[in-house]
Amino acid sequence: MTQGTRLVVDAVTMRFGGLTAVDGVSFTAEPGDITAVIGPNGAGKTTLFNCITGFYRASSGRIMLGETALHRLPGHRIALAGVARTFQNIRLFGGMTCLENLLVAQHRRLMAASWFGIGAVLGLSRYPAAEREAVERARAWLEATDLLDRADDAAGSLPYGAQRRLEIARAMCTGPRLLCLDEPAAGLNPRESAALSQLVRAIRDGTAAGADPCSVLLIEHDMGVVMGISDKIVVLDHGARIAMGTPAEIRADPNVIAAYLGEDEPA
């Protein structure tokens with residue numbers, strides 16, 4: 001993430017009729033941090049993500065990425081502002097190859113290089129050079145996610161954990177300033193979770209695929225992953241924020257223990 005750019009979620013509320021799914025939530029995700037959002041099922045985590053990434057328009061409140069008011073933008077403009085995401089349920093193009101999935105993520109850059117087709121008609125297109133750059137970027141992310149040897153395989157043929165990594169690679173091919181990961185460790189075994197943690201740290205630090213550092217906003221139920229990689233944790237319960245702090249602070253917070261992690265049984 002560009003230094004000096006932060007995500008500010010300010011008093012965000014999301015209502016569906018008489019149901020308040022997110023209730024006045026505020027927090028900041030600092031530049032270059034991994035910020036986790038945790039809470040029990042139904043706490044409003046994914047709804048909040050959907051507000052940040054433009055799938056929903058918040059009922060009230062502000063969402064700022066630097067000077068950009070995300071809450072005022074349609075979804076496609078939020079992506080152009082530098083926000084990328086993955087989903088709880090993998091949404092790859094299963095019949096396309098891994099490489100093709102990563103090229104699709106760069107379609108706007110490729111179209112702009114051909115002046116959205118006009119340059120190609122006039123023979124002035126910069127498309128060939130842009131296409132080479134896109135392929136190089138895609139191959140760099142395939143290598144970073146340990147998928148280079150599967151570049152020409154259909155995405156749908158990959159094992160589940162590999163599909164998770166490919167979806168992250170696709171998101172990163174858009175060149176985001178903020179990467180939003182919705183339960184990326186869901187369904188992974190311990191070895192895959194450890195590899196995922198290493199990948200997310202590398203994305204945060206700018207040591208993956210030659211990309212710039214990128215802030216990460218993470219929803220995750222795997223507490224081993226959350227506590228191991230997060231700089232800050234925001235805890236939601238029934239749509240409201242009940243705690244925020246470092247992993248050590250959250251681990252010791254009685255409200256979190258009661259609402260999410262579970263209270264100890266009496267002796």
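I started with a single residue pair: I34 sits opposite V216, a residue of β8. Worth jotting down before going further: this is a predicted model.

**β3 and its first neighbour.** I looked up how β3 and β8 are joined and found four bridges, with the two strands running parallel. Strand β8 covers residues 215-219, and β3 covers residues 34-38.

**The other neighbour.** I then checked β9, residues 232-237. Strand β9 is also parallel to β3, and four bridges link the pair. For a concrete contact point here, I noted that V37 has V234 as its bridge partner in β9.

**Cover on β3.** Next I asked myself how many residues of β3 are buried. The count is five of five, so I can call the strand mostly covered, taking buried as under 20% relative accessible area. Side chains in a regular strand alternate between the two faces of the sheet, so I split the residues by side. I34, A36 and I38 lie on one side, T35 and V37 on the other, and all are buried. Both faces of β3 are covered, then.

**Zooming out.** I pulled the totals for the protein chain last. I get 11 helices and 10 strands. Of its 267 residues, 47% count as buried. I also looked at contacts between residues at least 6 apart in sequence: 66% of them join residues at least 24 apart. For the surface, I have about 12,500 Å² exposed, with carbon and sulfur atoms supplying 51% of that.

Key:
Residues are numbered from 1 along each chain as its sequence is written. This is a predicted model: local features need pLDDT of at least 70, side-chain atom pairs count only at pLDDT 80 or more; totals for chains, interfaces and linings use all residues. Side-chain values use heavy atoms; hydrogens and water are left out. Buried means under 20% relative accessible area, exposed over 50%, partly exposed in between (1.4 Å probe, protein chains only). Two strands pair if DSSP finds at least two bridges between them. Contact means heavy atoms within 4.5 Å. Accessible areas come from the Shrake-Rupley method with a 1.4 Å probe; for residues, only the protein chains shown count as cover.
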